[in-house]
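Grab your favourite viewer and work through these exercises one at a time. Try each task yourself before reading the solution beneath it.

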Amino acid sequence: MPLEIMIKIQIDGKEYEVEPKKNLLETCLALGFDIPHFCFHAALGSVGACRLCAVKKFRNAEDTKGKIVMSCMEPVVEGLIISTDDEETKQFRAAVIEGLMTNHPHDCPICDEGGECHLQDMTVMTGHNYRRFDFKKRTFQNQNIGPFIHHEMNRCIECYRCVRFYRDYAGGKDLNVFASRNNVYFGRLEDGTLENEFSGNLVEVCPTGVFTDKTLKNHYTRKWDLSNAPSVCTHCSLGCNIIASERYDSLRRIMSRYNGEVNGYFICDRGRFGYEFVNDEKRIRKAEIRSGKTEILTEVDDSTLFSTLKDTFTANKKVIGIGSPRASLEANYALSVLVGSYNFYHGISTKEQDITKTVLNFLQQSGIPTPSLKQIEKADAVLILGEDLVNTAPMMALAVREASRNKGKEMAEKLGIPAWNAHPVMQVAQDAKSPIFIATPFKDSLDEVAETTFRGNLSDIAGLGFAVASALSAEAPTFKLTDKDQQSLAEKIALKLKNANNPVIISGINCGDEQLIRAACNIATALYSAEKKGVLSMVLPESNSMGLAYLEGKSLDDAISLTEKEEIDTLIVLENDLYRRATSTSVEQLFDRCKQVIVLDQLTNKMTLKADIVVPAATFAEAEGTLVNNEGRAQRYYKTIVNKNQVKESWRWLAEMIRIKTDSPSVQWKKFDDITSALIASNAAFAALKNYFSDADFRMLNEKIPRQPLRYSGRTSMHANVAVTETGIQPDIDSPLAFTMEGSHANPPSSLVPFYWSPGWNSVQAVNKYLDEPNGRMKGGDAGIKLIISVENAKTTYFKANIQPVELTKGEFLIVPVYQIFGSDEMSSAASTLSQRIPEPFVYLNPKDAEALKLEADELIQLEIDNTILKIKIRTEASIGLGMAGLSVNLPEMPFVDLPGRGKIYNMKVES
Amino acid sequence: MERPLTQHIHSESSPLNLKEYQQVGGYAGVQKALKEMTPAEITNLVKTSNLLGRGGAGFPTGVKWSLVPMDKEEPKYLVCNADEMEPGTFKDRYLLEGNPHQLIAGMIIAAYAIQAQTAYIFLRWAYKKAEAELRKAIAEAYAAGLLGKNILGTGYNLEMNVHSSAGRYICGEETALLNSLEGKRAIPRTKPPFPAISGLFGKPTVVNNVETLCWISHIVENGADWFKGLSLTETGGTKVFGISGKVKKPGLWELPLGTTIREILEVHAGGMLEGYGFRGLLPGGASTDFLIEEHLDVKMDFSTVGAVGSRMGTGTMIILDDKTCPVAFLHNVEKFFALESCGFCTPCREGLPWVVKILEAIENGNGRMEHLDILKQQTKYMGPGNTFCAHAPGAAEPLQSGLNYFHDDFVSHINNKKCPWKS
């Protein structure tokens, strides 16, 4: 993008050089001015509703009277002269707050938002402090809008942000504004759970306490009494940045942490509400040992554990380790050091490992860039091949929605309407959208932004992909579809991608079809070689799937087949429920062939119940760790909870085991920096990490970065039942953060921001103080470092198209996986509130197939796939093809099924 | 004296049908415009005539049309604003019920001038009779080839639709009207862009008032100079003026622009009813500032009424007599505006209900002197530029002038803790 020519404007008598095409409010906020505002949100643009951001505009240098204008609606133009502290304007802003307060209940002492409330901040900032309104206030009925969000409508100040986020931005349908005048009501038509996958952002978007986090309410603590840490979401492969907050050793809430390249201001509901597993009673907090195969697990102290481990490692020679795509790089690396890389297994199937490697190799060697979510938001054409983004990478679905609006912004720009002017852009756009093509086996809520959707089995979709690649470049393997309509769709997609400035190809490995991945790679290759544009984004299954792929190791299937040949002395499994990744028969066979099984994990599951030694592993909230997201961005999370009992970071446990096993001082990992140094030294691909992350010695003017805000209260009182003196501050040797309120309160580096606060700004709106400009980058650059750097002048290579025609025998169905935002991720499914949203296991079946089988919706069927027999409810789904079935996967209690696959479906009434 | 707009309206009989209207010269302007003039010539003619919008704002109609981009092949729309909901205003109703063909003729020419192929009449929900007459007249026009495809063999196509509003005052604001017409919440739109650039369904659109559009055919037939000559002031044309209140003959009269308020009140309306004294008037609907005795010789025109601190607005006056309490009067007016606020921007949504509560308290004898300061401050706070649209500034107009002209009445309510007009 060409650099904008800077323009000069005058604010409060001082001249500033600023970027053109912005609105005055965002410009002032970027410059650090405290302009009060409500309805403006940088991701949503300006609408001019609240009238709080008033400033005074002067016609020229001679004009002394000036005119009040709303800064959010004022384009920044050369020579603009404004005052932010003009007396009349200040009175007007105070009058706006006074007006809003006429109906606000002043219930701050019992309001969950209190202390972190934008309305409180704005009230103080504008100076309105005396109530002249001496009449009755308006009152509303609140609604029950589900388990995630609490609704308290009387506090509403009618900024319209909620509906603008929920409807206009996130595509939600079931929240709206009703009625008119001072009776406008923001809610649902009737009580009921908010349906949209991003509803939790209402908590942050709402400037007051109308929408608050109901899960926090369940174990409420004042916001200023939270101890916080910068963290990274572990519930999908996108690596959204989060702030994790603690009180009394329990994790109280998750908020989004701004990252201009990744998640921006928002996170999805899985990410926000999936945290409760950390506090769950199923947490393993003590080490347990089984004295014999038939004995029960009993809790042991460290010394017993260590001596048992010593015996184990002395007696047993062959030790293998199974890592995990949900464990940190450091934990996986520590395990591979413990067992040796030859004995290190990835803990995922051969198929998943192969496809992941195909993806990583392609991204590393093809020279084709892989985009951040921010870059996807800027796309003007998108092709989604096979991946159900809403359920496997929700925030990417949100980015695609934003991309769909670029067409409208472009149309508006031609009429001189800037992109931030939200309502006029929508008026001009009407239903126009950027060309987005979605080719998936069945519909989802993202379909509504698609220009064309394509439905078929995974081979059909891969075929469409190969045909698109072939239409894009003659060098790509020639591939034509026999179906005329399908071929012309492929050609149309190729043309739209070709004509776009920023085309994005999205696919992912969750469908489990390598041909489909290859087709997506070929499209990107064809587009890039022919047009020198286009980027490829690949969704992976888990938070560190990409990081794991960097480590040398074999697959889980390799471990299972290994044990068929030889007996293993000790098996160490790191944060991995293998029952979710292989059939119980295989897993149990693996266990049976191992003399000793050691499991490090956080929650009790089938694995830990079978293990001989169970080691309590810290969760993301109790550990430091590095995760590599789907675009190869390494990001670090920091602990917010001080480890109690025996809970310890997996890498620390493993370091201990290395010490015990080798009995040598060669590995001395005492603090987090020690293991990261070793990790960086172990693999050239990690070299980039060295220059980026602040180590634990990092100080800001000789001070650590406090996890707690200045207003943190009750440091003495919270332990008053034990002692009235201060208990002392827990040391933190692993990071530059401190478990205290003392330290440097200046803005830390972006990767180390534990919370947002700035004088006068106590709510999340303080985030603007940490950014170059609203919706821009974190000051000093966004957190995280890309490990994948696209090579220049890469050789163009294509995958061969190898599509086998699908032939089904009678009664046979093609089974594809169906993922659920709530349910398909292991750890978040254990969160008590989120688990209420998990559906019962189901099978999608075309209504015609259901009819042929004499089945009705919700009826139980018998599904036979491989050697697994499932009794499961059917859901009729018209978008899924004939002869296909979609099986909900990874839900709690669902056994492992290798998908895609073929299976038989029986009507149980007929069978019986 | 010429009465071009109302010459064929007879309140005792039903409106002229198409044939009858054509016999008295109706639709001659359409013939001339479509067959002899280019769109640009029509726009220029209307510009030259200085026809100012009769909906209340007085924006030059020709200028509005000329803002429509004519170089692109895209749908364009003409919308007639017939959502006449200004309290005290009933002039459009008279024109709609009395001579719907006059409006249709004007709309055909206006649509042709901006090359719109679709026109809507956005009609106040309560105007049932007008709706029936319009639908009948439009059907006649279609049948006669004056609407639809290839009008009068010229190749020009125009579809015309009547849309009955759901009944919100804010729909009279042209951009809220467009949102409503699109099926969206009736809240005003951000300006710019103006409807001429991005209007109905995001396409170039002209929104004109009924009375404005009724003029078009006459101007095309008789020329700009004729139109200019009709008024006593520099603004051209006549105006349908009206009076409601305690006068001898409340009603509507088509008179030259520039006729004095005194003439309208004393001659045409016959003066105040016996036993009632004049205290003041709202010159152009409820959202205009009060004028009082000393203003009776002001000429009714946009600029002349503006010069004495009010607006001519719709030109239909509401008279305040001496047997009506001005506080109760204002309470009634502000209650209307508070109820009709769309709720989008803060000063209007929160300010108006507060004003209403204060006026109610004062009227009921519960007022305090401090309330008068709040009322005064609220009128400034809701002033032009401070709000999203003109609704609250309009509502503030009668209040700010009322506080000024009837200050003693407010004070007496507060001091005596009761309304002097109530026994």
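**Exercise 1. Work out how domain 2 and domain 4 of chain A sit relative to each other.**

Start with the centres: in this predicted model, those of domain 2 and domain 4 of chain A are 35 Å apart, going by C-alpha atoms. Next, check where the two domains lie in the sequence. Domain 2 of chain A comes in two pieces, 287-348 and 547-755, while domain 4 covers 812-911. The same assignment lists domain 1 (7-101) and domain 3 (353-540). Now count contacts: nine residues of domain 2 of chain A meet six residues of domain 4 of chain A. Finally, sort the domain 2 side by type, and you get three nonpolar, two polar and four charged residues.

**Exercise 2. Decide whether the overall dimensions of chain A and chain B fit a globule.**

Take chain A to begin with. Its 912 residues lead the globule rule to 29 Å, and the radius of gyration is 28 Å, so chain A is as compact as a globular protein of that length. Along the principal axes, the C-alpha trace of chain A spans about 90 × 80 × 60 Å.

Then do chain B. A compact globule of 423 residues would come out near 22 Å, and chain B agrees with its 22 Å. Its C-alpha atoms fill a box of roughly 75 × 45 × 35 Å along the principal axes.

**Exercise 3. Describe the make-up of each chain: secondary structure, burial and contact range.**

Secondary structure goes like this: chain A has 27 helices and 35 strands, and chain B has 17 helices and eight strands. For burial, the share of buried residues is 56% in chain A and 57% in chain B. For contact range, keep contacts between residues at least 6 apart in sequence; in chain A, 73% of them join residues at least 24 apart. In chain B, with a separation of 6 or more, residues 24 or more positions apart account for 71%.

**Exercise 4. Is strand β4 (residues 205-209) of chain B enclosed or open, and what pairs with it?**

First, count buried residues: five of the five in β4(B) qualify, so the strand is largely enclosed by the rest of the structure. Second, split the strand by face. B:Thr205, B:Val207 and B:Asn209 point to one side, B:Val206 and B:Asn208 to the other, and both faces are covered. Third, find the neighbour: strand β1 (residues 77-82) of chain B runs parallel to β4(B), joined by five bridges. For one concrete pair, look at B:Leu78, whose bridge partner in β4(B) is B:Val206.

**Exercise 5. Find the largest nonpolar core and the residues with the most contacts inside it.**

The core holds 403 residues, and the best-connected ones are A:Met396, A:Ile523, B:Met107 and B:Ile109. Helix α6 (residues 100-114) of chain B supplies the largest share, eleven residues. Now zoom in on A:Ile523: leaving out residues up to four places away in sequence, its contacts include A:Leu383, A:Val468, A:Leu472 and A:Ile505. As background, nonpolar side chains tend to be buried together in soluble globular proteins.

**Exercise 6. Map the side of chain B that touches chain A.**

Begin with the totals: 28 residues of chain B contact 31 residues of chain A. The elements of chain B giving two or more residues to that side are α13 (326-340), α14 (346-363) and α15 (369-381). Of these, α14(B) gives the most, with eight residues. To finish, classify the chain B side: 14 residues are nonpolar, ten polar and four charged.

How values were computed
Residues numbered from 1 in each chain as written. Chains lettered and ligands numbered in written order. Predicted model: local features only at pLDDT ≥ 70, side-chain atom pairs only at ≥ 80, totals over all residues. Contact = placed C-beta atoms within 7 Å. Helix = DSSP H or I, 4+ residues; strand = E, 2+ residues; numbered from the N terminus. Nonpolar A, V, L, I, M, F, W, Y, C, P; charged D, E, K, R; others polar. Domains from an automatic or database assignment. Buried ≥ 20, exposed ≤ 12 C-beta atoms within 10 Å, placed from the backbone. Pairing = 2+ DSSP bridges. Rg over C-alpha atoms; globule rule 2.2 N^0.38 Å. Core = buried A, V, L, I, M, F, W, Y, C linked by C-beta atoms within 7 Å.
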